[in-house]
Amino acid sequence: MASHNDLGRYGEALGKEFIESNGYNIMHLNWKHSYYEIDIIASKNSVLHFIEVKTRTSEAFGLPEESVDKKKMNKMMKAGEEFLYRFPKWDRVQYDILSISLLNRSPQFYFIEDIYF
């Protein structure tokens, strides 16, 4: 398997720990519908969070959060719509990005809440 897949899995594991340590209840990891996927679905204070996790080891291609473009957000929102169709109890929903930089091998987290394009 490619090293970027390993980095993605490692980043998602770090993301899970970060989200849990900040009081969120993890409901699903890598929730899929069709060819859409949401890395983390969590809840906190009656708000449902769809979280995209991006991890980078260098800034050669920019910061991790910069790779989440409108196309990626549209895919995430399509998956979110399907999740809400299946589990309609949620009144409050947010789309978030968890950016993880591993420049010095020590993770630096940047959590961007309530993203819309």
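## Who touches Met76

Start with Met76 in this predicted model. Setting aside neighbours within four places in sequence, Met76 is in contact with Ile38, Phe50, Ile51, Glu52, Tyr95 and Asp96.

## Two nonpolar cores

Met76 also shows up on the list of residues with the most contacts inside the largest nonpolar core, along with Ile38, Ile41, Leu48, Phe50, Met73 and Phe83. That core has 16 residues. Which elements give two or more residues to it? They are β2 (36-44), β3 (47-56), α2 (70-86) and β4 (93-101). The largest share comes from α2, which puts in four residues.

There's a second core too, separate from that one. It has 13 residues, and Val53, Leu98, Ile100 and Leu102 are among them.

## Two serines with positive phi

Now for the backbone. Most residues other than glycine have a negative phi. Ser34 isn't a glycine, yet its phi is positive, at about 55°. You'll find Ser34 in the loop between β1 (25-33) and β2. Is Ser34 buried or exposed? With 58% relative accessibility, Ser34 counts as exposed, because the cut-off for that label is over 50%.

Ser46 is another one to look at: its phi is positive as well, near 65°, and again the residue is not a glycine. Ser46 sits in the loop between β2 and β3. Its relative accessibility is 58%, so Ser46 counts as exposed.

Terms used:
Residues are numbered from 1 along each chain as its sequence is written. This is a predicted model: local features need pLDDT of at least 70, side-chain atom pairs count only at pLDDT 80 or more; totals for chains, interfaces and linings use all residues. Side-chain values use heavy atoms; hydrogens and water are left out. A nonpolar core is a set of buried Ala, Val, Leu, Ile, Met, Phe, Trp, Tyr and Cys residues joined through side-chain atoms within 4.5 Å. Buried means under 20% relative accessible area, exposed over 50%, partly exposed in between (1.4 Å probe, protein chains only). Contact means heavy atoms within 4.5 Å.
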